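Here are a few notes to read alongside the structure. Keep the 3D view open and find each element as it comes up.

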Amino acid sequence: MQVFVARQAIFNRRQHVVAYELLFRNSTANYFPDIEESVATAKLIMENQLNFGTRHITSGKKALINIGPDSLKMDLCAFLPSQDVVLELLETIEPTEENYQLCRALFHKNFVLALDDFVYEPKWERFLKLIKLIKFDIQITPLQQIAPLIKKLKKYNKLKLLAEKIETVDDFKTAHRMGFDYFQGYFFAKPVVIQQKDIDINYALALTIYAQVMKQNPDINAIARLFQLDTALAFKLLRLINSGVFPVQKEIESLKQALVYLGHDHIKKLVSLIITAHVAQTKPSELIKVCIIRARFCELIANRVAPSQANSAFLTGLFSLLDAILDRPMEQLLTRLPFPDSIKAALMQEKNTLYYILETVKAYESGSWWAMEQAVVFININSDLLPKFYRDALDWSNTHQYN
């Protein structure tokens, strides 16, 4: 498949290119698409850093990458090599205690932090000790309005200033005279869209891996076998190992070795990144949340009526909306998944225990009490137990959501 990214050059005072800002694109159209910030950042990382790497796009220079409030909270920065990037904290991030601690953690991991479209207020004061670059959008905040603040910021010796949206020679001369260190804008160069090839990922298989990773005691062998079933997933895993994020001590000779090297926390983050990157704008993450709640709800019911099928019930609930998420027939999707016949049958509306467990869950969700009472007869469970199971599923999902 074709993937896209735009890069816009950043110049120093001698008008030499010193870095590039990378901007997410989903086509050759050179504008930011209508997409959630966290999805855009996840896609940019997936399609670039975990493809050929940002250095390939920036010719070895630093890459400025936008990080919004959701990306910050989801720790998408964990997939970026600190020596190659500058994390551009978007203006939508608020100067809260939680965000300060997240930024502080990134600072101590040797990331260079920048503030985008900066507008000063006292709450930002303590953040400035962590920041090495501040960007001012001179179309939003005119240069003459910025002038008094420039003097205030000069007390931070290691803090550099960048004027963006420089569109005329007068803009450049004025910003240069005011002491700005770096410059960006149409006066120098417009963003250039770069088109590359990437490998299609089996999204359904990624969800299967996610189900394995979410278990309290995940089976690393089972996870490795699942990665082996998809070239793209295996490639992303090995690219992450070799991306400069982790100090590799010896050569990686197997996918299992790569997974052991990553550790459970980073495996979970990697699969979460893949899922986030593939949530389409028209299929909001609410569908994924419903699937996760369903999965746990089905599992809790199975623990009561068919304990040996609890794991299968979890997967049945997790994949019950896959056709809606991917806009493809369920039958076609199931051919690419390593499921036992009982799960495939239930998802294809064939009547078995897993089917009736899922039907019970669907009836409860929709408030169709008649349908629910009909379904529970087939699995021999008291419907009075369902409200507690549902509450437990909600509580569980809140601590296991991918985002």
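1. Start with strands β2 and β3 (residues 62-67), which run parallel and are joined by four bridges. One pair to look for is E21 with its bridge partner in β3, L64. Do keep in mind that this is a predicted model.

2. Now turn to the pairing of β2 with strand β1 (residues 2-12). These two strands run antiparallel, with eight bridges between them. To see one facing pair, find A6, which stands opposite L23 in β2. The hairpin of β1 and β2 has four residues between the strands, and there Q15 takes a positive phi near 65 degrees.

3. Why is β2 described as largely enclosed by the rest of the structure? Look at its residues, 17-25: seven of the nine are buried, so the strand is largely enclosed. Here, buried means under 20% relative accessible area.

4. Next, colour the nonpolar residues. In soluble globular proteins, nonpolar side chains tend to be buried together. In this model the largest nonpolar core has 135 residues, and I134, F136, F180, L270 and F319 are those with the most contacts inside it. Helix α12 (residues 285-305) gives the largest share of this core, ten residues. There is also a second, separate core of eight residues, and among them are A19, L64, V112 and L133.

5. L270 deserves a click of its own. Leaving aside residues up to four places away in sequence, L270 touches L50, F79, F227, L237, L240 and L262.

6. Helix α5 (residues 143-153) is a nice one to rotate. Its residues L143, I146, L149, I150 and L153 are buried. Viewed down the axis of α5, the buried residues fall within an arc of 120 degrees, so they line one face of the helix. What does the face turned away from the buried side of α5 carry? There you will find the exposed residues Q144, P148 and K151. The buried residues of α5, for their part, pack against β6 (131-137), β7 (160-164) and α6 (169-178).

7. Finish with helix α8 (residues 220-228), where A222, I223, A224, L226 and F227 are buried. The buried residues of α8 pack against α7 (203-213), α9 (231-241), α10 (255-262) and α11 (264-277). At the N-terminal end of α8, D219 acts as a cap: one of its side-chain oxygens lies 2.9 Å from the backbone nitrogen of N221.

How values were computed. Residues numbered from 1 in each chain as written. Predicted model: local features only at pLDDT ≥ 70, side-chain atom pairs only at ≥ 80, totals over all residues. Heavy atoms only, no water. Buried < 20%, exposed > 50% of the residue type's maximum accessible area, 1.4 Å probe, protein only. Arc of directions from axis to C-beta. Contact = heavy atoms within 4.5 Å. Pairing = 2+ DSSP bridges. Core = buried A, V, L, I, M, F, W, Y, C linked by side-chain atoms within 4.5 Å. Polar contact = N/O pair within 3.5 Å; in protein donor to acceptor, adjacent residues only side chain to side chain.
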